[in-house]
Amino acid sequence: QEQLVESGGGSVQAGGSLRLSCAASGYTYSTYCMAWFRQAPGKEREGVAFITRDASTTYADSVKGRFTISKDNAKNTLYLEMNNLKPEDTAMYYCAAGRSFRCRSGVTMDYWGKGTLVTISS
């Protein structure tokens, strides 16, 4: 069992930056893939950034060039650096972890955080 707790959400103006954090605890040994998902009201959940155990990354086209996913293994923490934020980035952001070797769009994750809200004003 793995527990994930997100933090760092908030409200920021368009063009601004924000960094989300996800603290992982419990049994993390088998985790191969970690990711950030987001879901806006009335829309489907979207995988925005993925990172594997060996630190290879994949991004959704909508955030490519603006968001950076990274991790600090010593702190068991996942990060999402978000730059040049846009109103369409407004959503609940979720941290997720999975054991699958698939670590890209379409992956089924095994553990989820409760989410942290990001609101971008124009």
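Which residues is cysteine 95 in contact with, leaving aside its neighbours within four places in sequence? The legends below get there in Figure 3.

**Figure 1. The whole chain of this predicted model, taken as a backdrop for the close-ups.** Local features here need pLDDT of at least 70 and side-chain atom pairs count only at pLDDT 80 or more, while totals for chains, interfaces and linings use all residues. Residues are numbered from 1 along each chain as its sequence is written, and side-chain values use heavy atoms, with hydrogens and water left out. The protein has zero helices and 11 strands, where helices (H or I, at least four residues) and strands (E, at least two) are DSSP runs numbered from the N terminus. Read from that end, the order is β-β-β-β-β-β-β-β-β-β-β. The C-alpha trace spans about 40 × 25 × 25 Å along its principal axes. A compact globule of 122 residues would have a radius of gyration near 14 Å, and the protein agrees with its 13 Å; the radius is taken over C-alpha atoms, and the globule rule is 2.2 Å times the number of residues to the power 0.38.

**Figure 2. Surface, burial and charge for the same protein.** The accessible surface is about 6600 Å², with 47% of it belonging to carbon and sulfur atoms; areas come from the Shrake-Rupley method with a 1.4 Å probe, and for residues only the protein chains shown count as cover. Of the 122 residues, 42% count as buried. Buried means under 20% relative accessible area, exposed means over 50%, and partly exposed is in between (1.4 Å probe, protein chains only). There are 14 positive and 11 negative side chains, and the centres of the two sets lie 2 Å apart. Lys and Arg count as positive and Asp and Glu as negative, with His and the chain ends not counted; each charge is placed at NZ of Lys, CZ of Arg, CG of Asp or CD of Glu.

**Figure 3. Close-up of the disulfide between cysteine 22 and cysteine 95.** The whole structure holds two disulfides, a disulfide being a pair of cysteine sulfur atoms within 2.5 Å. In this one the sulfur atoms are 2.1 Å apart. It links distant parts of the chain, with cysteine 22 in strand E3 (residues 18-26) and cysteine 95 in strand E9 (residues 91-98), 73 residues apart. The torsion about the S-S bond is about -75 degrees, so the disulfide is left-handed. Cysteine 22 is buried at a relative accessible area of 0%, and cysteine 95 is buried at 0% too. As for the opening question, cysteine 95 is in contact (heavy atoms within 4.5 Å) with Leu4, Glu6, Cys22, Met34, Ala35, Trp36, Leu78, Tyr111, Trp112 and Gly113. On the scale of the whole protein, residues 24 or more positions apart account for 57% of the contacts with a separation of 6 or more.

**Figure 4. Close-up of the disulfide between cysteine 33 and cysteine 103.** Here the S to S distance is 2.2 Å. With 80 degrees about the S-S bond, this link is right-handed. Cysteine 33 lies in strand E4 (residues 33-39) and cysteine 103 in the loop between E9 and strand E10 (111-112), so the pair ties together parts that are 70 residues apart in sequence. Cysteine 33 is buried at 0% relative accessible area, and cysteine 103 is buried at 6%. Number the bonded cysteines in sequence order and the pairing reads 1-3, 2-4.

**Figure 5. Close-up of arginine 66 in the loop between E6 and E7.** Is this arginine buried or exposed? Arginine 66 counts as buried, at 9% relative accessibility. Not counting residues up to four places away in sequence, arginine 66 touches Glu81, Met82, Asn83, Asn84, Leu85, Lys86 and Asp89. Arginine 53 is 13 residues away in sequence from arginine 66 and 22 Å away in space, C-alpha to C-alpha.

**Figure 6. Two loop residues with positive phi, alanine 55 and asparagine 76.** Most residues other than glycine have a negative phi. Alanine 55 has phi near 75 degrees and is found in the loop between strand E5 (46-52) and strand E6 (57-59). Alanine 55 counts as partly exposed, at 45% relative accessibility. For asparagine 76, phi is near 50 degrees, and the residue is in the loop between strand E7 (67-72) and strand E8 (77-82). Asparagine 76 is partly exposed as well, with a relative accessible area of 40%.
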